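Trainee: Could you choose a single part of this structure and take a close look at it with me? I'd also like to see how the rest of the chain is arranged around that part.

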Amino acid sequence: MAMIRWGLGRLTFHLLKRRSSLLLKLTAIILAVLFFCEFLVYYLVIFRCNWPEVKTRARDQARQTLDPVLRAMFLADTHLLGEVTGHWFDKLRREWQMERAFQTALWLLQPEVVFILGDIFDEGKWSMPQAWADDVERFQKMFRHPSHVQLKVVAGNHDIGFHYRMTRYKVKRFERAFNCEMLFSWKGVNFVMVNSVALEGDGCTICSKAEEELMDISHKLNCSRQQGQGASHCAAGQPLPASAPILLQHYPLYRRSDANCSGDDAAPPEERDIPFKEKYDVLSQEASQKLLWWLRPRLVLSGHTHSACEVLHQGGVPEISVPSFNWRNRNNPSFIMGSITSSDYALSKCYLPYEDTVLSMYCGAAGLLVVLLLAHFELLAPRFLFGRHLIRMHTVR
Ligand SMILES: [Zn+2]
């Protein structure tokens with residue numbers, strides 16, 4: 001009797017030991033995969049990105065100082081989901097991905113200024129005050145940054161509504177939340193940030209005000225170009241740096257379609273030839289002309305299409321369409337890194353982890369867990385078990 005009890009005790013102990021070893025293995029695999037896919041992968045991928053080299057010219061020959069280089073990051077279309085159409089899991093997943101990608105990029109790349117080119121929110125166009133406040137709070141947490149890094153945003157149609165839904169209230173609450181300014185100069189580089197939804201050209205109050213402000217900026221820029229030539233019409237005071245501006249906006253300048261776009265993250269081939277609708281997909285031809293005439297930019301960066309493209313406009317002005325930063329819109333989101341001086345610039349693209357790769361990792365790990373469980377409960381195919389048994393016998397001999 002004592003022998004039987006001792007035998008049963010040993011068996012129970014053996015079973016418990018096997019079970020806890022299985023539990024340990026499963027927990028270790030799950031934690032390792034979660035750590036890799038939700039944390040480490042961002043470091044491994046973004047670590048490969050480098051700031052592009054830009055030619056610097058001597059600023060002061062006597063003192064041999066060079067033009068300072070501004071390191072700027074450009075991203076677009078983050079589309080934080082709102083309370084109406086956003087599913088909680090989709091929201092949680094996408095916001096975690098963007099937060100990790102942004103925080104990792106800040107830590108590894110140390111930009112001085114970050115620009116987000118509109119459509120920060122998905123439902124700013126209709127959200128009620130409480131939902132808006134919640135969205136802004138989540139944005140501030142996700143895109144938190146040290147005080148020496150500047151974060152600048154421009155409004156998109158999802159933030160304030162398409163032109164027919166845009167109201168003064170929505171524009172004001174957006175500007176208040178992000179301290180928007182149209183003109184920003186740093187290290188001798190001028191950026192003009194335009195609310196492109198207000199460039200409808202129909203003379204509406206918001207549109208007229210936006211055009212007035214643009215003409216005022218155009219005047220200031222012209223004065224900066226004429227520095228030292230004693231331009232009498234220019235007001236006294238601190239002039240802007242004498243440098244052609246970089247134009248930042250949500251809608252791209254007018255282009256017929258994405259037919260000439262290429263690259264890994266351009267629009268899919270079946271969508272490239274679809275003609276763009278003016279004032280909906282791109283700015284109108286008239287508004288685009290005005291911006292080019294008034295501002296004479298050296299570079300334009302825009303969002304809205306969610307895909308990449310490089311376009312050369314009249315007068316050789318290049319425009320870069322920045323793809324969406326949200327994995328909800330792309331399998332391969334990215335952002336642009338710019339090394340900019342007052343006279344030159346160099347851009348490069350930093351890709352974020354591919355969603356497919358992360359999902360494959362999860363599928364692989366799930367498969368491994370299933371095999372471990374089946375092996376534990378000896379439910380694997382008898383032929384496989386027979387093979388394992390033979391190997392064991394062979395090893396013992
Ligand atoms: Zn948009």
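**A hairpin and its sheet**

Mentor: Happy to! Let's begin with strand β10 (residues 309–313), which runs antiparallel to β11 and is joined to it by five bridges. Please keep in mind that this is a predicted model. Within this pair, V311 faces E319 of β11. The two strands make a hairpin with three residues between them, and G315 in this hairpin has a positive phi near 80°.

Now look at the other partner of β11. Strand β9 (residues 299–302) pairs with strand β11 (residues 317–321) over three bridges, here in the parallel sense. The residue opposite L301 is I320 in β11. As a reminder, strands in a sheet pair through hydrogen bonds of the backbone, in either the parallel or the antiparallel sense.

From β9 we can step on to strand β8 (residues 246–249), which runs parallel to β9 and is joined to it by four bridges. I246 has L299 as its bridge partner in β9. Towards the other end, β6 and strand β7 (residues 189–194) run antiparallel, with four bridges between them. There, L183 finds its bridge partner in V192 of β7.

Put these pairs together and you get an open sheet of six strands, in the order β6-β7-β8-β9-β11-β10, with mixed pairing. Its edge strands are β6 (183–186) and our starting strand β10, each of which pairs on one side only. From one strand to the next, the twist averages 20°.

How does that sit beside the rest of the chain? In the protein chain there are 10 helices and 13 strands, and another open sheet takes five of those strands, in the order β5-β4-β3-β12-β13, again with mixed pairing. The edges here are β5 (150–153) and β13 (345–351); each has a single partner strand, so one side of each lacks a neighbour in the sheet. Neighbouring strands of this sheet are turned against each other by 20° on average, direction ignored. Inside it, strand β3 (residues 70–75) and strand β12 (residues 334–340) run antiparallel and share five bridges. R71 is paired with S339 in β12.

A residue worth clicking on for the long-range packing is T56, which lies in the loop between α1 (2–46) and β1 (58–60). The C-alpha atoms of T56 and T341 are 7.1 Å apart, although 285 residues separate them along the chain. Leaving out residues up to four places away in sequence, T56 touches L66, D67, V69 and T341. T56 has 16 other C-beta atoms within 10 Å, so T56 counts as partly exposed. For the whole chain, 72% of the contacts with a separation of 6 or more are between residues 24 or more positions apart, and 32% of the 397 residues count as buried.

The helices add a further layer to the picture. In helix α5 (residues 168–178), the buried residues are K170, V171, F174 and A177. They sit on the same side of α5, because the arc they cover around the axis is only 135°. The general background is that an α-helix has 3.6 residues a turn, so residues three or four places apart point the same way. The other side of α5 has R168, Y169 and R176, which are exposed. Among the elements covering the buried residues of α5 are α3 (129–142), α4 (157–160) and α6 (205–225). Right after α5 comes N179, with a positive phi near 45°.

Finally, a look at the transmembrane annotation. An unreviewed UniProt entry places the feature "transmembrane region" at residues 21–45 and 359–381. In the model, residues 21–45 are 100% helix and 0% strand, and the end C-alpha atoms of this stretch lie 34 Å apart. Helix α9 (residues 355–376) has 22 residues, which at 1.5 Å a residue should span 32 Å; this agrees with the 32 Å between its end C-alpha atoms. Just after α9, E378 has a positive phi of about 50°.

Methods:
Residues are numbered from 1 along each chain as its sequence is written. This is a predicted model: local features need pLDDT of at least 70, side-chain atom pairs count only at pLDDT 80 or more; totals for chains, interfaces and linings use all residues. UniProt positions are given in the numbering used here, feature names are shortened, and annotations may be inferred rather than shown by experiment. Two strands pair if DSSP finds at least two bridges between them. Axes are lines fitted to C-alpha atoms, for helices over the stretch in contact, and angles run from 0 to 180 degrees between N-to-C directions. A residue is buried if 20 or more other C-beta atoms lie within 10 Å of its own, exposed if 12 or fewer, and partly exposed in between; C-beta atoms are placed from the backbone. The arc is that of the directions from the helix axis to the C-beta atoms. Two residues are in contact if their C-beta atoms, placed from the backbone, lie within 7 Å. The expected span of a helix is 1.5 Å times one less than its number of residues.
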